[in-house]
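User: I would like a close look at one part of this structure. Please take me through the sheet and what surrounds it.

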Amino acid sequence: GAGLFTAWKHLHWECKGDFGHQHSRYNPLRDEWVLVSAHRMKRPWQGQLEKPPPEDVPRWDPKNPLCPGATRANGEVNPNYEGTFVFPNDFPALQPDAPEPDNSGHPLFRAAAARGVCKVMCFHPHSDLTLPLMSLLEIRAVIDAWAELEAELGASYPWVQIFENKGAMMGCSNPHPHCQVWASSFLPNEARLEERTQRQHHSQHGVPMLLEYAEQEAHRKERLVVENEDWLVVVPYWAIWPFQTLLLPRRHVLRLRDLCDSERDSLASIMQRLLIKYDNLFQISFPYSMGWHGAPTGPHLQEDCEHWQLHAHYYPPLLRSATVRKFMVGYEMLAQAQRDLTPEQAAERLRALPEVHYKLRPQETV
């Protein structure tokens, strides 16, 4: 909309303002606003308290369908894998041979074909490990598997969504370290939205939006969490979730498959550093939903996608502690998103945390 570039131009002086008072911030990637009300963190909490995640997950459980050698719901037996393991989702949301929907005969009742494939990818054979507790070589293997899946499925499908739901709070029904990969015959809503806003910015400014944004955040450092020579992680200026982060490459990259060896190594490093900080924040296995967004694939591989920039979103729900989460209800559902601490405050808290996992630190003696 018309507010996109006006808000972008005013970002500099807004960043220098007093964020103790409520104000709205513009998200140019989604063409929407978020209400920031930092003073609400002072209100007492008498709402729902979440249960911390269990600490006693067994390393191997024959009844866990994601474990090596275990039997899945469809009767197939997993191989005794020692690294990453990819298999078709036994309960897929998308199937390649779905029929065309019937025509309703009225424009208010539209339906469209939705075809695709859904895969599950185990990160590691051990159920009691998560990404921040894996070695850099093991994380690098996950990144390579992501890129391979994106290339394989993206050869024919327009969109390949890699995403991880970590923790029961985020709907994960299995503690084994894994993610999902859904390839679809259509561009999902979020992809279509980011396609439009990034194309519009590139058309008017001649530079990819998120490449320009990364350069600005690297210079300002107000919302920077971690960085290295190839990547940076920020709490975005327009963040909705309390400790939401955005992982960005420093150079122009369209898709995961385009990353060179050194960039994949540095990606493994910065992911590990971020996720250790997340766990250290409340000293739990930190829940989140994350996912990669890059240039569309399939037929779009032959198109000009220079307006796109590869990036990953991390959306963690926790707000005040391991037991108090942020709810998106009421005003958020009926009006617009609202957050209870500024992105600068969230970034400062994350930035200050140690980069040694709390489980691996020497125990203090009394």
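Which residue in β11 does L247 stand opposite?

Analyst: L247 stands opposite A312 in β11. Keep in mind that this is a predicted model. Now let us build outwards from that pair.

Start with the two strands. Strand β9 covers residues 245–249, and strand β11 covers residues 311–315. They pair in the antiparallel sense, over three bridges. Next, take L246. Its bridge partner in β11 is H313.

Now look at the other neighbour of β11. β10 and β11 also pair in the antiparallel sense, here over five bridges. A312 turns up again: W292 stands opposite A312 in β11. So what is the setting of β11, buried or exposed? β11 is mostly covered, with four of its five residues buried.

Step back to the whole sheet. Nine strands form an open sheet, and the pairing is antiparallel. Read across, the order is β3-β4-β6-β5-β10-β11-β9-β8-β7. The edge strands are β3 (85–88) and β7 (224–227). Each of these two pairs on one side only. From one strand to the next, the twist averages 20°.

Two helices pack on this sheet. Helix α3, residues 136–154, touches β3, β4 (116–122), β5 (159–166), β6 (178–184) and β10 (288–293). The direction of α3 makes about 170° with that of β4. Helix α5, residues 209–220, touches β8 (231–234), β9 and β11. The direction of α5 makes about 105° with that of β9. Our starting strands, β9 and β11, are thus both touched by α5.

Go now to the β7 edge. β7 and β8 pair in the antiparallel sense over three bridges. A hairpin joins β7 to β8 through three residues. One bridge is easy to find: the partner of V226 is V233 in β8.

Finish with a pair of helices. Two packed helices are described by the angle between their axes and the distance between the axes. Helix α6 spans residues 261–282, and helix α8 spans residues 343–352. Their axes come within 9 Å and cross at roughly 100°. Angles of 65 to 115 degrees count as roughly perpendicular, which means α6 is roughly perpendicular to α8. On the α6 side, K277, Y278, L281 and F282 make the contact. On the α8 side, R349, L350, R351 and A352 do so. By class, this contact has five nonpolar residues, three charged residues and no polar ones.

Definitions and conventions. Residues are numbered from 1 along each chain as its sequence is written. This is a predicted model: local features need pLDDT of at least 70, side-chain atom pairs count only at pLDDT 80 or more; totals for chains, interfaces and linings use all residues. Side-chain values use heavy atoms; hydrogens and water are left out. Axes are lines fitted to C-alpha atoms, for helices over the stretch in contact, and angles run from 0 to 180 degrees between N-to-C directions. Angles under 35 degrees count as roughly parallel, over 145 as roughly antiparallel, 65 to 115 as roughly perpendicular and the rest as oblique. Contact means heavy atoms within 4.5 Å. Ala, Val, Leu, Ile, Met, Phe, Trp, Tyr, Cys and Pro count as nonpolar, Asp, Glu, Lys and Arg as charged, and the others, Gly among them, as polar. Two strands pair if DSSP finds at least two bridges between them. Buried means under 20% relative accessible area, exposed over 50%, partly exposed in between (1.4 Å probe, protein chains only).
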